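Me: Please take a close look at the pockets of this protein. I would like one connected account of what lines them, with the helices and the backbone around them.

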Amino acid sequence: MIRSVVRGFGAALPKRVMTNGDMEAIVDTSDEWIVQRTGIRQRYIAGDDETTASLGEAAARAALANGGLTPADIDLIICATSTPDNTFPATSVNIQNRLGMSHGFAFDVQAVCTGFVYAVTTADAYIRGGLAKRVLVIGAETFSRILDWNDRTTCVLFGDGAGAIILEATEGEGTVADRGVLTAHLRSDGSHKEKLYVDGGPSTTGTVGKLRMEGREVFKYAVGMITDVIQAAFDSTGTTADDLDWLVPHQANRRIIDGSAKKLNIDAAKVVVTVDLHGNTSAASIPLALATAAGDGRIKKGDLVMLEAMGGGFTWGAVLLRW
């Protein structure tokens, strides 16, 4: 059977680093408070010359270089983002143009922090359906542009960045020993909209709006939703936490990450954590974490890797793949 195997990976971050000390000069907060409650120590903030598309392009070029490919080798680009450069066209089409591509096709996926998991699942479906052989999957965000910088409960949490992987059609045996995407499980429940949303949009206010979040409510649901889809991935493949080499979670909050791993009996040493370096970069957080752990040699060919995320909507999901 056809599997979607990771051929390359890459990441891109803005030039500006904003530490918790820098945040103290903007809102009434402290490094101790932020670290204790979130695990975040710094985040990257896009400058005037940096956008979701420019960061996405840089991550895409890094992934192409890592995979020994060129834009001519790509059939499809899927960009997961909630902070597009424009209402339309899609940021993926902008990235396609910036890469010098005039072939293939491109579209965006919007599932907030779960966006990259949705995008990987969608790319896998296109590959298995024979509609694409190589898909460039990008998670790119500039959440700093939709933050209320007077709201100390939210502005300290988020950062900007982009990450990308290239999935390539490869023949597999149809077993869990295959490399590539093994299973994916997606969920959503729109009844939770008011707990995490942006208070604007073209069809309602005609403005971009600002991010609003009921932090305690989101935390209350997060661990249960995350463990639900991870367990579903284990059950569908006959694997367990013991078989897992790496858990690469959405980097929202260290307490959520630790709580989910503990509930599933996943060894903390198997969990990739970058929230301290990047903050919450929404759809970019998983590919940034993947690029970090694969780049430093932790994630190796043949490793069993679980991706998971939960975001506004609510949306949540998990992908189990063999690197």
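Reply: In this predicted model, the lining of the largest pocket takes at least three residues from domain 1 (2–171) and at least three from domain 2 (180–322). The space in this pocket is about 910 Å³. Its lining counts 36 residues. Closest to the centre are Ser82, Gln110, Val198, Gly200 and Val208. Two elements give two or more residues to this lining: β5 (105–109) and β9 (196–198). Of the elements, β9 gives the most, with 3 residues.

What is the chemical make-up of the lining of the largest pocket, by nonpolar, polar and charged residues? There are 15 nonpolar residues, 16 polar ones and 5 charged ones. Glycine is counted as polar in this scheme, and Gly200 is among the residues closest to the centre.

Now the second largest pocket. Its volume is about 640 Å³. The lining consists of 27 residues. Nearest the centre lie Met213, Gly215, Arg216, Phe219 and Asn253. Four elements each give two or more residues here: α2 (31–38), α6 (215–237), α7 (254–263) and β12 (304–311). The top contributor is α6, with 6 residues. By class, the lining has 16 nonpolar, 7 polar and 4 charged residues. Domain 1 (2–171) and domain 2 (180–322) each supply at least three residues to the lining of the second largest pocket.

Two helices from that lining also pack against each other. The angle between α6 and α7 is about 40°, and their axes are 9 Å apart. Why is this pair called oblique? Angles under 35 degrees count as roughly parallel, and 65 to 115 as roughly perpendicular. The angle of about 40° falls in neither range, so α6 and α7 are oblique to each other. In handedness, α6 passes α7 in a right-handed crossing.

A further helix pair can be described in the same terms. Helix α3 (residues 52–67) packs with helix α4 (residues 91–98) at an angle of about 55°. The axes of α3 and α4 lie 9 Å apart. By the same ranges, α3 and α4 are therefore oblique to each other. Here too the crossing is right-handed, with α3 passing α4.

Next, the backbone. Where is the loop that holds Pro89? That loop runs between β4 (76–80) and α4, the helix that packs with α3. The peptide bond joining Phe88 and Pro89 is cis, with omega of about 5°.

Another cis peptide bond joins Gly313 and Phe314. Its omega is about -10°. Phe314 sits in the loop between β12 and β13 (315–322). That ties back to the second largest pocket, as β12 is one of the elements giving two or more residues to its lining.

One phi value also deserves a check. Asn265 is not a glycine, yet its phi is positive, at about 60°. Asn265 is in the loop between α7 and α8 (275–278). The α7 helix is again the one packed with α6, and α7 also gives two or more residues to the lining of the second largest pocket.

In short, each of the two pockets draws at least three residues from each domain. The largest takes the most from β9, and the second largest takes the most from α6.

Conventions:
Residues are numbered from 1 along each chain as its sequence is written. This is a predicted model: local features need pLDDT of at least 70, side-chain atom pairs count only at pLDDT 80 or more; totals for chains, interfaces and linings use all residues. Side-chain values use heavy atoms; hydrogens and water are left out. On a 1 Å grid over the protein atoms alone, a cavity is a set of points where a 1.4 Å probe fits but cannot get out, and a pocket is an open set with protein on both sides within 12 Å along at least five of seven lines; lining residues have an atom within 4 Å of a point. Grid points are joined across faces, edges and corners, and a volume is the space filled by probe spheres set on the points. Domain bounds come from an automatic or database domain assignment. Axes are lines fitted to C-alpha atoms, for helices over the stretch in contact, and angles run from 0 to 180 degrees between N-to-C directions. Angles under 35 degrees count as roughly parallel, over 145 as roughly antiparallel, 65 to 115 as roughly perpendicular and the rest as oblique. A crossing is left-handed if the near helix is turned anticlockwise from the far one by less than a right angle, and right-handed if clockwise.
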